[in-house]
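Thanks for sharing this one with me. Here are a few notes from my look through it, in case they help while you have the model open.

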Amino acid sequence: MERLLIVDDEEAIRSGIREYAEFEGYTVDEARDGAEAMRLCHAKDYDVIIMDIMMPGIDGFTAYKEIKKKKDIPVIMLSARGEEYDKLYGFELGIDDYVVKPFSLKELMARVKVLVRRHGQGSGSKRSVLQFGGLVLNPSGRWVSINGQRVDMTPKEYDLLFFLAGHEDIVFSREELLEKIWGFDFYGDGRTVDSHIKMLRHSLGEYRSCIVTYRGVGYKFEGR
């Protein structure tokens with residue numbers, strides 16, 4: 001049974017999400033702030049974290065940065081603000097989704113299901129290791145190395161790279177990548193994909209040219 005962690009300083013929001021999630025068959029833990037969320041994640045494993053950004057003490061972004069140093073757990077950030085800056089900053093940190101309050105519990109659970117399915121299955125090829133010269137990708141182990149050195153990436157950078165490399169030489173539109181990697185396109189648009197591609201190229205260094213842009217169409221992976 002999948003386990004969720006709900007992190008919000010408002011008890012009514014935690015209770016509402018918990019009731020709906022338990023009805024859907026999830027096991028649920030609650031945390032009132034970022035510090036409590038960090039302690040729970042240190043002690044237990046979770047399939048998805050649903051976490052508010054603005055909380056007293058340690059905020060959601062700070063808590064997530066600390067959690068991801070030790071564990072790769074998909075996260076949906078909740079916020080009363082919908083500014084593009086907040087969304088892009090969250091995506092740069094590696095969050096998987098961003099939902100603006102007030103929100104539909106039914107839609108939130110649909111997004112949780114997508115993350116549970118995607119995180120469990122992975123987004124890469126069925127081959128255990130992909131190698132392109134000095135670039136080595138291990139989708140099942142979720143690591144990348146360049147010339148023998150491990151490369152640190154955000155979860156979404158890994159997902160994009162493993163997906164594109166696992167479908168080498170196939171061009172995917174921005175809309176297709178939103179659907180394949182994020183699982184939906186309600187909040188995302190082409191700029192979301194473009195910003196993650198830019199970060200991915202930076203992480204790939206000398207292999208940045210493996211991510212090829214087809215102007216007006218999308219992106220593909222071209223191994224050397």
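The points below cover some strand pairings and some contacts of aromatic rings, and please keep in mind that this is a predicted model.

1. A good place to begin is strand E7 (residues 135–138), which pairs with strand E8 (residues 143–146) in the antiparallel sense over four bridges. One partnership to look up is Leu-137 with Val-144 in E8. The two strands make a hairpin with four residues between them, and in that turn Arg-142 has a positive phi of about 55 degrees.

2. E8 also runs antiparallel to strand E9 (residues 149–151), joined by three bridges. Here Val-144 has Val-151 of E9 as its bridge partner. This hairpin has two residues between its strands, and Asn-147 in the turn has a positive phi of about 55 degrees.

3. Do have a look at Trp-143 as well: the charged end of Arg-150 sits over its ring, 4.1 Å from the centre.

4. Turning to ring pairs, the structure holds four aromatic pairs. Phe-61 and Tyr-89 are edge-to-face, because their ring planes are at 80 degrees, with the centres 5.0 Å apart. Phe-61 lies in helix H3 (residues 60–67) and Tyr-89 in helix H4 (residues 84–93), so this pair ties together parts 28 residues apart in sequence. Phe-61 is buried, at 7% relative accessible area, whereas Tyr-89 is partly exposed at 27%.

5. Tyr-158 and Phe-162 form a stacked pair, 5.8 Å centre to centre with 20 degrees between the planes. Both belong to helix H6 (residues 155–166), four residues apart, or about one turn of the helix. Both residues are buried.

Conventions: Residues numbered from 1 in each chain as written. Predicted model: local features only at pLDDT ≥ 70, side-chain atom pairs only at ≥ 80, totals over all residues. Heavy atoms only, no water. Pairing = 2+ DSSP bridges. Phe/Tyr/Trp six-rings, centres within 6.5 Å; stacked < 30°, edge-to-face > 60°. Buried < 20%, exposed > 50% of the residue type's maximum accessible area, 1.4 Å probe, protein only. Lys NZ or Arg CZ within 6 Å of the ring centre and 35° of its normal.
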